[in-house]
Amino acid sequence: MLFTGCNKTKTVKPIHKSITEAVYASGYIVPKNEYKVYALSDGYIVSKFKDDGDSINKGEAIYKVENNTFAARLSASRSSFDLAKRNVGEDAPVLADLRNKIKTAQVKLNNDSANYARYKNMFAAGAVTRSQLDQAQVSNDVSANDLKSAIENYQHTKDQLAVDLENAQSNLTSSGEDLANYVVTSMMDGEVYETDKELGEAVRKNDQVALIGEKGHKILQLSVDQQDIEKIKLGLEVEVKMDITGSKIYKARISKIYPNMNQNDQSFKVEAEFEEKYQFDFVHASVEANIIIGYKDNALIIPRATLQGEDMIELKGLAGNTKVKIEKGLETLEYIEVLKGVKESDEVVIPKTD
């Protein structure tokens, strides 16, 4: 740029030059589909099957946690289930006793029915009194009710034992699931990036115990200021630099934009996928990134320092300076592309600063 000075008024002439507009973002390199593994129950670590950096398959165990209370509960549930199962069998003592009562009631009813029929014939022949006939009828009716009651009691007990078996099965299943929670397993194929517990350590429900993600597949998690988030689109190019690898620049592209703003730092989370399959052996390393919003090879640019307000500049003239409104294009921290309002031959005044 050509700077001129006159009576301490500095000016600059616009020039044609390439310009790249980018949004700054910071963040970390993380495994794709990273997730934290939490303990589902209280207890103590009695077995550790995986270490940091190990490969793991879906359903494979990471830790075994032991709690004697739940083991005892499972044993009690299994005993209750076994008893309930025996009680619903045809040879179960409870049902066998009730069936014997039904047989006894049936025999008594048969005898009382036959006796009642005999008394009716004898009464018709005048051999017995009305009182004797009524007594025989009462005995017959009582026996019939006793049989009915025995049958109903048998069916009710059988139904209740079936319910007891169902409840015992449910309790056994629940206890088994509770005990299964003491084996911490992976939900995916991948790599164990971190383990947080060692043998003998106590663990409480919802304690983080491991970090798992896809093996070898790393992505970028970036934070973008809320003032810039509207400029971010899927597929935009990202230039990434990591302290851990020095000055090397990596290329990536925006793959996901999260809609929820982080209230703590007023930023939005975005993800970017690397364009090449870089082999990073580390995760959660900090990165700095420039998300490329736009690029123009032969743009007419002026220094940002010449702006007065949002889009006004001052042009030097023989008859006096004039202020004009410009139409801006791409912007960087130092320069602004001018689409309308300025020619290459104009002298733009640089405002004085205190």
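**Pockets and aromatic contacts in the predicted model**

Strand 3, strand 12 (218-225), strand 14 (249-262) and strand 15 (267-274) each contribute at least two residues to the lining of the second largest pocket. The structure examined here is a predicted model, and in it this second largest pocket has a volume of about 230 Å³. Its lining comprises 15 residues, of which Gln 221, Leu 222, Ser 223, Asn 262 and Lys 269 lie nearest the centre of the pocket. When the lining of the second largest pocket is divided by class, five residues are nonpolar, seven are polar and three are charged. Lys 269, one of the residues nearest the centre of this pocket, also takes part in a contact with an aromatic ring, since its charged end sits over the ring of Tyr 258 at 4.3 Å from the ring centre.

The largest pocket has a volume of about 330 Å³. It is lined by 13 residues, and those closest to its centre are Ala 22, Val 23, Tyr 24, Thr 332 and Leu 333. Strand 3 (15-31) and strand 16 (286-303) each supply at least two residues of this lining, with strand 3 providing the largest share, namely five residues. The class composition of the lining of the largest pocket is five nonpolar, three polar and five charged residues. Strand 3 thus appears in the lining of the largest pocket and also in that of the second largest pocket.

Aromatic contacts were then considered, and a search of the whole structure finds seven aromatic pairs. In one of them, the rings of Phe 274 and Tyr 278 have their centres 5.5 Å apart and their planes at 85 degrees, and the pair is therefore edge-to-face, as the angle is over 60 degrees. Phe 274 is buried, with a relative accessible area of 12%, and Tyr 278 likewise counts as buried, at 16% relative accessibility. The rings of Phe 280 and Phe 282 form a pair with centres 5.4 Å apart and planes at 50 degrees, so this pair is classed as tilted. Phe 280 counts as buried at 7% relative accessibility, whereas Phe 282, with a relative accessible area of 22%, is partly exposed because this value is not under the 20% that defines a buried residue.

These residues belong to a wider arrangement, in which ring pairs link Tyr 250, Phe 274, Tyr 278, Phe 280 and Phe 282 into a cluster.

Notes. Residues are numbered from 1 along each chain as its sequence is written. This is a predicted model: local features need pLDDT of at least 70, side-chain atom pairs count only at pLDDT 80 or more; totals for chains, interfaces and linings use all residues. Side-chain values use heavy atoms; hydrogens and water are left out. Rings of Phe, Tyr and Trp (its six-membered ring) pair if their centres lie within 6.5 Å; planes under 30 degrees apart count as stacked, over 60 as edge-to-face and the rest as tilted. Buried means under 20% relative accessible area, exposed over 50%, partly exposed in between (1.4 Å probe, protein chains only). A charge sits over a ring if NZ of Lys or CZ of Arg is within 6 Å of the ring centre and within 35 degrees of the ring normal. On a 1 Å grid over the protein atoms alone, a cavity is a set of points where a 1.4 Å probe fits but cannot get out, and a pocket is an open set with protein on both sides within 12 Å along at least five of seven lines; lining residues have an atom within 4 Å of a point. Grid points are joined across faces, edges and corners, and a volume is the space filled by probe spheres set on the points. Helices (H or I, at least four residues) and strands (E, at least two) are DSSP runs, numbered from the N terminus. Ala, Val, Leu, Ile, Met, Phe, Trp, Tyr, Cys and Pro count as nonpolar, Asp, Glu, Lys and Arg as charged, and the others, Gly among them, as polar.
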